[in-house]
Amino acid sequence: MSAMKDEITISELANLMQVSVHQIRYFEEKGVLQPAYTGDNQYRMYGIDEVYRLAHILLLRKMGLSVQVIKECLSHLTAEQITPLFRQALTDTEAEIRKLQETKRFIEKLLEEKEYISQTEEGAYALVQRDEVPLSLWFELQAPASLSAQELVQNSNNSSNVPNLFEADIHYVYSDSGIVGMYTREEEVLSDLMLPAGSYVSRTLWVQNEEQLTANIQDFYAYAEEMGYICSGPLIMVEKSYLSLFTPEQLYYELLSHVSNPEVVNL
């Protein structure tokens, strides 16, 4: 019976540490991990020291450190020199957690919005109660508003207030002067425009092109006039482009206008 060897092969090491053989060879190429010896059969053999060294390499990689920095950590850096690297790794990890939390909130919002619109009849008019909404101005367009990719680029370059475009609710605010302001919701105290709390006539719709959108806006004005509503503020069009994840060929909009006499209905 042959004596049990103390060393293990590269494939055994890979299985033990739950990494690929390719990854171990990559660490070898970069000079951070070497086998204990190479046998006559050219098999790389690894002992307990190499197991611990690979464990340290994987922990440092998990913290986001580069292979070059890992090589320095394992060769000549002191504890005092390594500690700031770990503190930075903690800062980077906390930032990544915040990004993941933002992604989680967006997915929750997406599913909540989808549930809401699935319960709302498309194209139907309704009177809804809304809390006040603070808005921050991004840029302005001349009516009729027809957004182009070039305008997005131009106004993104010229503004410090660029929203996370396709996750945000974009509010188009139509003024009597023919200017359409592009706004996003502002959570801070200061805002460029405050939509008041109260009753709003609302219509939700899916559209495929500008012609459909223009026709729906005209119908919206006609409906408010027919019902005798006094619209005390500008027309607001809320674009929720992220909902097109469910219907790639259509964009979702909600038309809104603040009504000062919601009890008046002409039949």
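Begin by selecting Pro 134 together with Met 194 of strand β8, which stand opposite each other. The model on screen is a predicted one.

Next, extend the selection from this pair to the two strands. Strand β5 (residues 133-142) and strand β8 (residues 193-195) pair in the antiparallel sense, over three bridges.

Then add strand β7 (residues 179-185), which also pairs with β5 in the antiparallel sense, here over seven bridges. To locate this pairing at the level of residues, select Ser 136, whose bridge partner in β7 is Thr 184.

With β5 still selected, display the surrounding protein. Of the 10 residues of β5, seven are buried, so this strand is largely enclosed by the rest of the structure.

Now move to the helices and select α2 (residues 21-29) and α3 (residues 48-62). Their axes lie 12 Å apart and the packing angle is about 95°. Because angles of 65 to 115 degrees count as roughly perpendicular, α2 and α3 are described as roughly perpendicular to each other. For the contact itself, show the side chains of Gln 23, Ile 24 and Phe 27 in α2, and those of Leu 54, Ile 57, Leu 58 and Arg 61 in α3. By class, this contact comprises five nonpolar residues, one polar residue and one charged residue.

Finally, colour the protein by pLDDT. The mean is 88, and 93% of the residues reach 70 or more. Confidence is highest in α3, at a mean of 97, and lowest in helix α6 (residues 149-158), at 76.

Conventions: Residues are numbered from 1 along each chain as its sequence is written. This is a predicted model: local features need pLDDT of at least 70, side-chain atom pairs count only at pLDDT 80 or more; totals for chains, interfaces and linings use all residues. Side-chain values use heavy atoms; hydrogens and water are left out. pLDDT is the predictor's confidence in each residue, from 0 to 100. Helices (H or I, at least four residues) and strands (E, at least two) are DSSP runs, numbered from the N terminus. Buried means under 20% relative accessible area, exposed over 50%, partly exposed in between (1.4 Å probe, protein chains only). Two strands pair if DSSP finds at least two bridges between them. Axes are lines fitted to C-alpha atoms, for helices over the stretch in contact, and angles run from 0 to 180 degrees between N-to-C directions. Angles under 35 degrees count as roughly parallel, over 145 as roughly antiparallel, 65 to 115 as roughly perpendicular and the rest as oblique. Contact means heavy atoms within 4.5 Å. Ala, Val, Leu, Ile, Met, Phe, Trp, Tyr, Cys and Pro count as nonpolar, Asp, Glu, Lys and Arg as charged, and the others, Gly among them, as polar.
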